[in-house]
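Biologist: I should like to understand how the terms used for this protein are justified. May we set each term against its definition, one after another?

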Amino acid sequence: MGTAISLDLADDLPAATLHALAEETFGWLREVDARFSTYREDSEVCRVDRGELRPAEASADLRAVLARCADLWRETDGAFDAYATGRLDPSGYVKGWSAQVASDRLVAAGAPNHCLNAGGDVRVRGHSATGTPWRIGIRHPWDPTATCLVLAGMDLAVATSGNYERGHHVIDPHRGVPARGLRSVTVVGPDLGVADAYATAAMAMGEAGIGWLDRLPTPWQHAVITDNAHLLRSRTLPYLT
């Protein structure tokens, strides 16, 4: 998926078991990359985009992702749009979704204590190796060596969308131009795929995304940094002072 992925397994299990769980996790993520990559010409996403593969004939995973993207388009009044760039690109949901599926599989396999970080989209469950809640640093949008917030929890999905690495790459689908107004959006909740999509949608909305995030129901929380360096956050955000 063009990003670094790390996995921290904190359960006291035999080394061979932990190794097998890690291999299964990365195997799944490689499968997702092969199917959903917008860079591989032979991926299902690219074949659908070129009209060589009908969506109805695609894999069950791709059909499910396209259906969920359509739901998210409606939920966000079109701000989350898998076609915002003019071609099919569900990456704003897929990265978080694939990590969420991987985390769910680890829990089902008997490894309920772990942290999976897919390029800044983080899913934590249970406790760290020290027995304490996981700590998730949110990168400072102007200083890559610093954090602007540190979250803590035992069951969090944390997704961040920002323009500090790839420039203004999030498109406002209503105007067809790069979104402006927000430097970084972090969404916290129970599902990483949805958190990823919500963060992308809020970035696409620009400053209007702040009010939209404020209206999301519990348990969704957020932290936003504007282009003029203001930090706005949910009152219940689980951050460390």
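Modeller: Let us begin with the cysteines. This is a predicted model, and it holds 0 disulfides.

Biologist: How do you know that Cys46 is in no disulfide?

Modeller: The nearest cysteine sulfur to that of Cys46 belongs to Cys69 and is 15 Å away. A disulfide requires two cysteine sulfur atoms within 2.5 Å, so Cys46 is in no disulfide.

Biologist: Why is Cys46 called buried?

Modeller: Its relative accessibility is 5%. The term buried applies under 20%, and therefore Cys46 counts as buried.

Biologist: What about Cys115: which cysteine sulfur is nearest, and how is the residue classed by accessibility?

Modeller: The nearest cysteine sulfur to Cys115 is that of Cys148, 17 Å away, and Cys115 is in no disulfide. With a relative accessible area of 16%, Cys115 also falls under the 20% cut-off, so Cys115 is buried.

Biologist: Let us turn to strand S10. What makes S10 largely enclosed by the rest of the structure?

Modeller: Strand S10 covers residues 221–226, and 6 of its 6 residues are buried, so the strand is largely enclosed. In a regular strand the side chains alternate between the two faces of the sheet. Here Gln221, Ala223 and Ile225 lie on one side, while His222, Val224 and Thr226 lie on the other, and all of these are buried. Both faces of S10 are thus covered.

Biologist: How do you know that S10 pairs with strand S9?

Modeller: There are 6 bridges between S10 and S9 (residues 182–189). Pairing requires at least two bridges, so the two strands are paired. They run antiparallel, and Val187 stands opposite His222 in S10.

Biologist: What makes S10 and S11 a pair?

Modeller: S10 and S11 (residues 231–233) are joined by 3 bridges in the antiparallel sense. Since at least two are required, the strands pair. Ala223 stands opposite Arg233 in S11. The hairpin of S10 and S11 has 4 residues between the strands, and Ala229 takes a positive phi near 70 degrees there.

Biologist: Which elements each supply at least two residues to the lining of the second largest pocket?

Modeller: Helix H6 (208–214) and S10 do so. The lining includes Leu213 and Asp214, as well as Gln221 and His222. The volume of this pocket is about 180 Å³.

Biologist: How many residues of that lining belong to each class?

Modeller: The lining has 5 nonpolar, 5 polar and 2 charged residues.

Terms used
Residues are numbered from 1 along each chain as its sequence is written. This is a predicted model: local features need pLDDT of at least 70, side-chain atom pairs count only at pLDDT 80 or more; totals for chains, interfaces and linings use all residues. Side-chain values use heavy atoms; hydrogens and water are left out. Buried means under 20% relative accessible area, exposed over 50%, partly exposed in between (1.4 Å probe, protein chains only). On a 1 Å grid over the protein atoms alone, a cavity is a set of points where a 1.4 Å probe fits but cannot get out, and a pocket is an open set with protein on both sides within 12 Å along at least five of seven lines; lining residues have an atom within 4 Å of a point. Grid points are joined across faces, edges and corners, and a volume is the space filled by probe spheres set on the points. Ala, Val, Leu, Ile, Met, Phe, Trp, Tyr, Cys and Pro count as nonpolar, Asp, Glu, Lys and Arg as charged, and the others, Gly among them, as polar.
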